Amino acid sequence: MIHASIVRDSRLSAAMMVAFGLAACASGPEEAPAPLDEATPVPAGPVQSGWTANDGMDAPESVYFDEASGSIFVSQIVGTPDGRDGMGHITRLDSAGNVVDATWVDGFNAPKGLRSHDGILWVADIDQVVGIDIETGDIVERIAIDGAMFLNDVAVGSDGTVYVSDMLATTIYAVADGSASVFAEGADLEYPNGLLVDGNRLIVAAWGAPNEDFSTEVPGRVYALDLETAEKTLITEEPLGNLDGLESDGRGGFIVSDYLAGRILQVTAAGDVVDLRQFGPGTADLAYIPTGNVLLVPHMNESEVTAYDVSDTIQ
């Protein structure tokens, strides 16, 4: 267990709202493909690239591909990132980016990270973790976490334990058997954001200690926590940025997004850092499908999700 003082500054909540609204009208150097025509047939198969979904999108924070169902799920904040307004919802897309159900499950506050396990889609929603039966769309579990400030990403272990990051509290919780406990906490976590279970390790993409405007003097790194001991091992020695999304690259390394800089980066198995794409601010919790080298990016400020083929840059 990592123990250190937890920084709890109420000013960060307002600063986060500013950070999530940066450059709402900005466009990155790479233009997104045009949305699919309504007449495009609904495919059944691997996730395709070259599409943009924007119908019904409203501040999409996380995009996740569930291989078992062949569906892409998107968490829509709709209101403010910390707003307890009940306006958030989950959208369901097919593998070509067509909207299957714009409000597949609604009634959330500000849903963010998504991850599935054994037919359940787990969602982080400010101070609770919610489980949705993917087949029926019914909410089957709702676990409130006392003291949570800003739950962000989720990851699931092989035993079904759900790990969820609380970025503002610089804490990671473990949820099992309907209850939550602290897995790791303290400044050494570097304000954890993206999470991914990789064997006996929890991989973490950290935001870095935020200033009042939510920029950082020392940005976050990618590191691993042992699932048994929570011992920390650095994957990137040097800070990378204000890290948000985190996925496996299918090659022994990882893909991360830098939310404020709009960069998508690959951290290779050898530890090299490769620039995959450059956009405007607001690249949030992405997904990556190694088959086809398809990168799914929620452009939160533009309220759209786009699928890119990164075969030209991935290593």
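Student: In the open sheet of four strands with antiparallel pairing, what is the order of the strands?

Tutor: Happy to start there, keeping in mind that this is a predicted model. Strands β10 (151-156) and β13 (179-185) stand at the edges, each with a single partner strand, so one side of each is left without a neighbour in the sheet. Neighbouring strands are turned by 25° against each other on average, direction ignored. The order is β10-β11-β12-β13.

Student: Which residue in β12 stands opposite V162?

Tutor: Let's look at the pairing of the two strands. Residues 162-166 form β11 and residues 171-176 form β12, and they pair in the antiparallel sense over five bridges. Opposite V162, in β12, stands V175.

Student: In the open sheet β14-β15-β18-β19, which strands stand at the edges?

Tutor: The pairing in this four-stranded open sheet is antiparallel. An edge strand here has a single partner strand, so one side of it is left without a neighbour in the sheet. That description fits β14 and β19 (232-234).

Student: And what is the bridge partner of Y223 in β19?

Tutor: Good follow-up! Strand β18 covers residues 222-226 and pairs with β19 in the antiparallel sense over three bridges. In β19, the partner of Y223 is L234.

Student: Of the residues that line the largest pocket, which are the closest to its centre?

Tutor: The largest pocket holds about 580 Å³ of space. Its lining has eleven nonpolar, five polar and four charged residues. Elements giving two or more residues to that lining include β2 (60-66), β20 (243-248) and β24 (287-289). Closest to the centre are Y64, F65, E67, E247 and Y288.

Conventions: Residues numbered from 1 in each chain as written. Predicted model: local features only at pLDDT ≥ 70, side-chain atom pairs only at ≥ 80, totals over all residues. Heavy atoms only, no water. 1 Å grid on protein atoms, 1.4 Å probe; cavity = no way out; pocket = protein on both sides within 12 Å on 5 of 7 lines; lining within 4 Å. Points joined across faces, edges and corners; volume = space filled by probe spheres on them. Nonpolar A, V, L, I, M, F, W, Y, C, P; charged D, E, K, R; others polar. Pairing = 2+ DSSP bridges. Axes fitted to C-alpha atoms, helices over the stretch in contact; angles between N-to-C directions.
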